[in-house]
Amino acid sequence: MSSWPQERRDSLLELVRKSREAFSSMKPLLRVGDRSRVAFVGDTHGAYMVTKYVFENFSDYDAIVFLGDYVDREPYGLENLEIILSRFLENKGKVIVLRGNHESPLTNEYYGFRAEVREKLGDENYKEFVDLFSEMPYAAIVNDYLCVHGGIARNLKSLQQIEELKKPDIIPEDEIAFEILWNDPREELDGFVPNIRGEGTFFYGKDVTLEFLRENSLKGIIRGHEVADGFRSEIDERVITVFSSRYHKMRAGILLQDQGKFNMVYLDEEFLLNGDKS
Amino acid sequence: MTWKCTGCGTENPDDAMYCTTCGLKRPDESVGAQSAPQETVESAGSVAQPTEQQEQAVQPVNQPVEAQAQTQEQQAQQTEVQTVTTAENQAQTTTTSQQSEVTETPTPTAQEGKYYIQFIATPVSALNKTKVPLDFDVFENISLGRSPENVLMIPDSEISRRHAILSKEGDTLYIEDLNSTNGTYIYDGKVFQAVKGKAQLPKNAVVKLGNNTIIKIVRE
């Protein structure tokens with residue numbers, strides 16, 4: 001990693017500021033509505049080649065939903081954000097950029113993004129990213145699916161509650177906001193069970209998931225957050241995990257929905273490791 | 001060059017033939033192994049194999065031949081998965097031999113169902129959802145721990161070498177914590193309660209071993 005040339009730095013920081021403004025005017029819950037062709041992208045964690053692939057191949061889709069976790073774990077978080085944010089600013093109605101648990105100083109300190117910013121842009125600029133992350137929307141409803149990084153929370157009963165979450169929230173400190181970024185589904189469990197990820201994180205079981213979906217007239221949940229060989233689906237495909245990274249040494253998945261029907265695209269190791277590295 | 005244990009993740013000195021933490025044999029291939037931190041994740045990637053392994057476990061007759069046929073590289077990759085299934089293999093093999101000795105085998109009544117440990121969360125994400133049968137007819141006490149001497153070896157560096165024992169008395173299951181470093185906990189519907197000594201397990205118990213492994217005891 002080396003310091004970026006001034007020009008690239010300036011243009012990225014400009015992108016970050018403009019995106020923060022755009023995010024701050026958006027609600028925490030985006031009601032996107034029905035779109036006939038949608039691409040869902042899970043955690044990329046700096047796998048910018050996956051992000052690039054998505055825009056090269058699915059730009060004609062009606063919506064592209066990024067489920068959070070763009071930075072940390074691999075030292076290309078800035079390259080990744082550079083692509084995502086510029087596309088987002090070009091078409092804010094189509095490119096949906098949600099917050100993940102790694103869009104927070106809570107993780108950036110330990111998983112590499114803070115160090116990456118220090119190296120490439122200088123530590124004084126890290127604050128720009130903290131501000132950017134704190135304004136990102138938490139969730140979106142697309143084709144009656146709740147798109148969110150982690151999932152549902154103990155005290156979350158209605159979508160209205162997500163709509164009313166406060167922004168900016170840096171950590172986030174709000175319990176519901178924190179849990180929807182951190183919780184994991186487990187169809188083998190019932191209720192909410194303390195998660196091994198640590199204090200304040202939970203597994204959400206089958207019964208509470210089905211109840212939440214019923215109460216809010218949702219078809220399912222599309223989320224990222226957990227390592228998978230591209231995808232994992234549970235509770236009769238009503239909770240779908242999409243994982244689109246490369247650091248985990250499995251395939252990256254991109255979930256496509258066309259007229260309601262799901263399709264799974266896998267990017268294998270060959271692509272992830274030998275693909276375009278420019 | 002140090003090598004990373006495929007079972008518990010410990011970095012071991014080059015001259016160690018067995019893992020200094022859990023005692024697992026050094027994989028043959030690890031001499032020229034790639035950069036250490038990615039190794040575990042990589043073997044976690046070979047999830048496709050548990051099914052194969054389990055199938056072998058059900059047919060112990062084929063198992064030795066097939067196992068030999070595997071290339072060493074494959075074996076090294078599979079080690080992590082094997083750690084769990086080895087116990088299963090053993091259990092199954094023992095079942096067969098016992099059943100052939102005792103002619104009138106009292107097969108467990110079908111309607112009662114068999115007990116299984118199901119992994120809910122582990123550091124090796126590939127193990128999640130995996131079910132391992134608990135055969136109390138073969139092992140009265142099923143030991144759980146990180147080291148290979150256990151009936152069920154669990155690859156998690158925060159689990160003690162000998163962590164806990166599962167036992168069955170009548171229709172009730174018990175778990176005993178063997179003074180493990182990071183503890184054994186039973187979920188009571190609200191929190192994970194620490195087990196001191198031996199405790200009765202509720203139906204469909206959710207149990208935490210150390211800080212990173214959660215299992216569920218199911219019967220079906």
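**Figure 1. Helix α5 of chain A and the glycine after it.** G122(A) follows α5(A) and has a positive phi, near 100°. The model shown here and in the other views is predicted. Helix α5 spans residues 113-120 of chain A, and its buried residues are F113(A), R114(A), E116(A), V117(A) and K120(A). These residues lie on the same side of α5(A), because they cover an arc of only 160° around the axis. An α-helix has 3.6 residues a turn, so residues three or four places apart point the same way. The cover over the buried residues of α5(A) includes three helices of chain A: α3 (77-90), α4 (105-111) and α6 (126-135).

**Figure 2. The largest nonpolar core.** This core holds 109 residues. V65(A), L98(A) and C147(A) have the most contacts inside it. Helix α8 (residues 175-182) of chain A contributes the most to this core, with 6 residues. A second, separate core has 5 residues, among them C8(B), C19(B), C22(B) and L24(B). In soluble globular proteins, nonpolar side chains tend to be buried together.

**Figure 3. The surroundings of V65(A).** Leaving out residues up to four places away in sequence, V65(A) touches V38(A), F40(A) and V41(A), among others. Its other partners are I96(A), A140(A), V142(A) and C147(A). Both V65(A) and C147(A) are listed with the residues that have the most contacts inside the largest core.

**Figure 4. Two cis peptide bonds in a loop of chain A.** Most residues other than glycine have a negative phi, and most peptide bonds are trans. The bond that joins K167(A) and P168(A) is cis, with omega about -5°. P168(A) sits in the loop between α7 (159-163) and α8 of chain A. From I171(A) to P172(A) the peptide bond is also cis, and omega is near -5°. P172(A) is likewise found between α7 and α8 of chain A.

**Figure 5. Positive phi at D69(A) and S217(A).** D69(A) is not a glycine, yet its phi is positive, about 65°. The residue lies in the loop between β3 (63-66) and α3 of chain A. Is D69(A) buried or exposed? D69(A) is buried, because 29 other C-beta atoms lie within 10 Å, and the cut-off for burial is 20 or more. S217(A) is not a glycine either, and has a positive phi of about 50°. S217(A) belongs to the loop between α9 (206-215) and β10 (220-223) of chain A. S217(A) is exposed, because it has 8 other C-beta atoms within 10 Å, and 12 or fewer counts as exposed.

**Figure 6. An open antiparallel sheet in chain B.** Chain B has 4 helices and 13 strands. Of its 220 residues, 37% are buried. Here 6 strands form an open sheet with antiparallel pairing, in the order β4-β3-β13-β12-β9-β10 (chain B). β4 (131-134) and β10 (192-194) of chain B are the edge strands, and each pairs on one side only. Neighbouring strands of this sheet are turned by 30° against each other on average, direction ignored. At one edge, β9 (residues 184-187) of chain B pairs with β10(B) in the antiparallel sense over 3 bridges. I186(B) stands opposite Q193(B) in β10(B).

**Figure 7. The contact between chains A and B.** Chain A gives 11 residues to the contact, and chain B gives 17 residues. On the side of chain A that touches chain B there are 6 nonpolar, 1 polar and 4 charged residues.

Methods. Residues are numbered from 1 along each chain as its sequence is written. Chains are lettered from A and ligands numbered from 1 in the order in which they are written. This is a predicted model: local features need pLDDT of at least 70, side-chain atom pairs count only at pLDDT 80 or more; totals for chains, interfaces and linings use all residues. Two residues are in contact if their C-beta atoms, placed from the backbone, lie within 7 Å. Ala, Val, Leu, Ile, Met, Phe, Trp, Tyr, Cys and Pro count as nonpolar, Asp, Glu, Lys and Arg as charged, and the others, Gly among them, as polar. The arc is that of the directions from the helix axis to the C-beta atoms. A nonpolar core is a set of buried Ala, Val, Leu, Ile, Met, Phe, Trp, Tyr and Cys residues joined through C-beta atoms within 7 Å. Two strands pair if DSSP finds at least two bridges between them. Axes are lines fitted to C-alpha atoms, for helices over the stretch in contact, and angles run from 0 to 180 degrees between N-to-C directions.
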